[in-house]
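Let's take a walk through this protein together, moving from its open spaces to its inner ones and then out to the surface. Have the structure turned so that you can follow along.

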Amino acid sequence: MKAEIKLDAWCPFEAEEVIRWDRGFVWQARVRMHGLPITGSDRYVDGAGEVRWKLLGLLPVVTAAGPDVSRSALARVQAEAVWLPSVLVSPDVIWESGDDSHFGVTLRHPQHPAHVDLVIDETGRLVHLAMRRWGNPEGGPFHEGIFGGHVVAERTFEGFTVPSEVRLGWHAGTDRFASEGEFFRATVEDATYR
């Protein structure tokens, strides 16, 4: 994916991610902040979440692990199920219909279940998602907040049509999303399914 992440300002980056529903994800990225390269990864593997970012590949900028990071990272796996269509039709998922455009998906992940609200347009394209996620977007203690955002475009990769352009962050579906919540804008350029 190619994207922008909001740190002090919007910074461009490139990333690759491997997602496996039964194990987790590893997301590796390269971002430039004030012209300097920062590389690192976010991950959730076999129940443990971790964040590691280094300036110039040497100096730690952000390092985090522990129960709060793990719980937040698990919710990310659950939100990113929209990129794993086979998961959304598995026995681990319960679908609920609100009306013709609003649906709820309960993902019964072994570590912690989650509910994701989905909104589709009149053509059936996903346009919005939101869920309760553990995090600390304000920098204070961890707590539950609303995470999600907008699906701007979709694309078909290897026969699966999935979101290809997203705008994500905290306070999804509220006035605070645009002003203080949105921190991630990405375009998926390629996806491989195995």
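Start with the largest pocket, which holds about 1300 Å³ of space. Keep in mind that what you're looking at is a predicted model. A total of 45 residues line this pocket, and if you want to find its centre, look for I5, D42, R133, W170 and F183, the closest ones to that point. What kinds of residues make up the lining of the largest pocket? Nonpolar ones account for 30, with 10 charged and five polar residues making up the others.

Now move on to the second largest pocket, with a volume of about 880 Å³. Its lining is made of 25 residues, and those closest to the centre are E17, V18, I19, A191 and T192. Which strand gives the most to this lining? That's β2, with seven residues. Strand β2 covers residues 10-20, and β12, at 160-170, also supplies at least two residues. Sorted by class, the lining of this second pocket has 14 nonpolar, nine charged and two polar residues.

Let's go back to F183 for a moment, since we met it close to the centre of the largest pocket. The F183 ring pairs up with the ring of F147: their centres are 6.3 Å apart and their planes sit at 50°, so this pair counts as tilted. The two partners come from distant parts of the chain, 36 residues apart. You'll find F147 in strand β11 (residues 143-157) and F183 in strand β13 (residues 182-187). Across the whole structure, there are seven aromatic pairs.

So much for the open pockets; what about enclosed space? A search of the whole structure turns up one cavity of 30 Å³ or more, and the largest cavity has about 50 Å³ of space in it. Around it you'll see Q78, A79, A81, V82, L88, V105, L107, V116 and L118. Helix α1 (67-79) and the strands β8 (102-107) and β9 (114-120) each give two or more residues to that lining. How many charged residues line the largest cavity? There are none: eight of the lining residues are nonpolar and one is polar.

Finally, head out to the surface. Here L36, L56, L58 and L59 form a nonpolar patch, and together they have about 400 Å² of accessible area. To place one of them, look for L56 in the loop that runs between β5 (48-55) and β6 (59-65).

Methods:
Residues are numbered from 1 along each chain as its sequence is written. This is a predicted model: local features need pLDDT of at least 70, side-chain atom pairs count only at pLDDT 80 or more; totals for chains, interfaces and linings use all residues. Side-chain values use heavy atoms; hydrogens and water are left out. Patches are made of residues with over 30% relative accessible area and no salt bridge: like charges are joined within 9 Å, nonpolar side chains (Val, Leu, Ile, Met, Phe, Trp, Tyr) within 5 Å. Accessible areas come from the Shrake-Rupley method with a 1.4 Å probe; for residues, only the protein chains shown count as cover. A salt bridge is a side-chain nitrogen of Lys or Arg within 4 Å of a carboxyl oxygen of Asp or Glu. Helices (H or I, at least four residues) and strands (E, at least two) are DSSP runs, numbered from the N terminus. On a 1 Å grid over the protein atoms alone, a cavity is a set of points where a 1.4 Å probe fits but cannot get out, and a pocket is an open set with protein on both sides within 12 Å along at least five of seven lines; lining residues have an atom within 4 Å of a point. Grid points are joined across faces, edges and corners, and a volume is the space filled by probe spheres set on the points. Ala, Val, Leu, Ile, Met, Phe, Trp, Tyr, Cys and Pro count as nonpolar, Asp, Glu, Lys and Arg as charged, and the others, Gly among them, as polar. Rings of Phe, Tyr and Trp (its six-membered ring) pair if their centres lie within 6.5 Å; planes under 30 degrees apart count as stacked, over 60 as edge-to-face and the rest as tilted.
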